[in-house]
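Student: I've got a new model open and I'd like to talk it through. Can you take my questions as they come?

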Amino acid sequence: ALLYSAVLPGMGQVYNKKYWKLPIVYGGFYMLTYVAFAYNDLYNEYKQELYAVVRDPTYKPQSGYTEEQLRSVTEFYRRQRDFFLVLDGMWYLLQLVDAHVDAHLRDFDLNPQLKVSIGPSLQQHPLYGQVSGIALTIKF
């Protein structure tokens, strides 16, 4: 499963027969890559304006920013683009780990006598009298 996911992201989830995870894997890649490209476009746009201002100090950029503001904006968009590319890489590693762990847990035998239940609880408290609440009961 790990090898399949490394070669083609999401294939480890298919190998583990967890088909419902495939849209999540590709949706995450799509969203992170889309945002990274959007920041890259803005970075390139402001970088071109900055270069034009540096070459010709009399040039008035369309954005109306000064040279110092253009440097700051360009640096901001570059950092944001790089951050989302790092998140994209982390998403790739996360889907690898998910496929690997899911493959190992596929044969995990759960105790059939293990039962977890949530229900109402009514207890007698020495100071407050009857106290109601919710109880989490684990039986094994």
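Tutor: Sure, let's go from the overall fold to the salt bridges.

Student: What am I looking at, and how is it numbered?

Tutor: This is a predicted model, where local features need pLDDT of at least 70, side-chain atom pairs count only at pLDDT 80 or more, and totals for chains, interfaces and linings use all residues. Residues are numbered from 1 along each chain as its sequence is written, and side-chain values use heavy atoms, with hydrogens and water left out.

Student: OK, how many helices and strands does the chain have?

Tutor: There are 4 helices and 2 strands, in the order α-α-α-α-β-β along the sequence. Those are DSSP runs numbered from the N terminus: helices are H or I with at least four residues, strands are E with at least two.

Student: And is the chain spread out or compact?

Tutor: More spread out than a compact globule, because the radius of gyration is 27 Å, well over the 14 Å that the globule rule gives for 140 residues. That radius is taken over C-alpha atoms, and the rule is 2.2 Å times the number of residues to the power 0.38. Along the principal axes, the C-alpha atoms fill a box of roughly 80 × 50 × 15 Å.

Student: What percentage of the residues is buried?

Tutor: Buried residues are 24% of the 140. Buried means under 20% relative accessible area, exposed is over 50%, and partly exposed is in between (1.4 Å probe, protein chains only).

Student: What about contacts between residues far apart in sequence?

Tutor: Taking contacts between residues at least 6 apart in sequence, 49% join residues at least 24 apart. A contact here is heavy atoms within 4.5 Å.

Student: Switching to salt bridges, how many does the count come to?

Tutor: The count is 8, with a salt bridge being a side-chain nitrogen of Lys or Arg within 4 Å of a carboxyl oxygen of Asp or Glu.

Student: Which one links distant parts of the chain?

Tutor: One of them is Lys 18 with Asp 102, at 3.8 Å from N to O. Lys 18 sits in the loop between α2 and α3, while Asp 102 belongs to helix α4 (residues 67–105), 84 residues apart.

Student: Are those two buried or exposed?

Tutor: A mix: Lys 18 is partly exposed because its relative accessible area is 29%, whereas Asp 102 is at 15%, so Asp 102 counts as buried.

Student: Anything odd about Lys 17, say its phi?

Tutor: Lys 17 has a phi near 60°, a positive value in a residue other than glycine. Lys 17 is in the loop between α2 (11–15) and α3 (22–55), and is exposed at 59% relative accessible area.

Student: Back to salt bridges, which residues are linked in a network?

Tutor: Glu 75, Arg 78, Arg 79, Arg 81 and Asp 82. Within that group, Glu 75 and Arg 79 form a salt bridge at 3.7 Å, N to O. Both lie in helix α4, 4 residues apart, about one turn of the helix.

Student: And how accessible are Glu 75 and Arg 79?

Tutor: Glu 75 counts as partly exposed at 32% relative accessibility, and Arg 79 is also partly exposed, at 46%.

Student: What does Arg 81 form a salt bridge with?

Tutor: With Asp 82, where the closest N and O atoms are 3.0 Å apart. Arg 81 is buried, with a relative accessible area of 18%, but Asp 82 comes out partly exposed at 25%.
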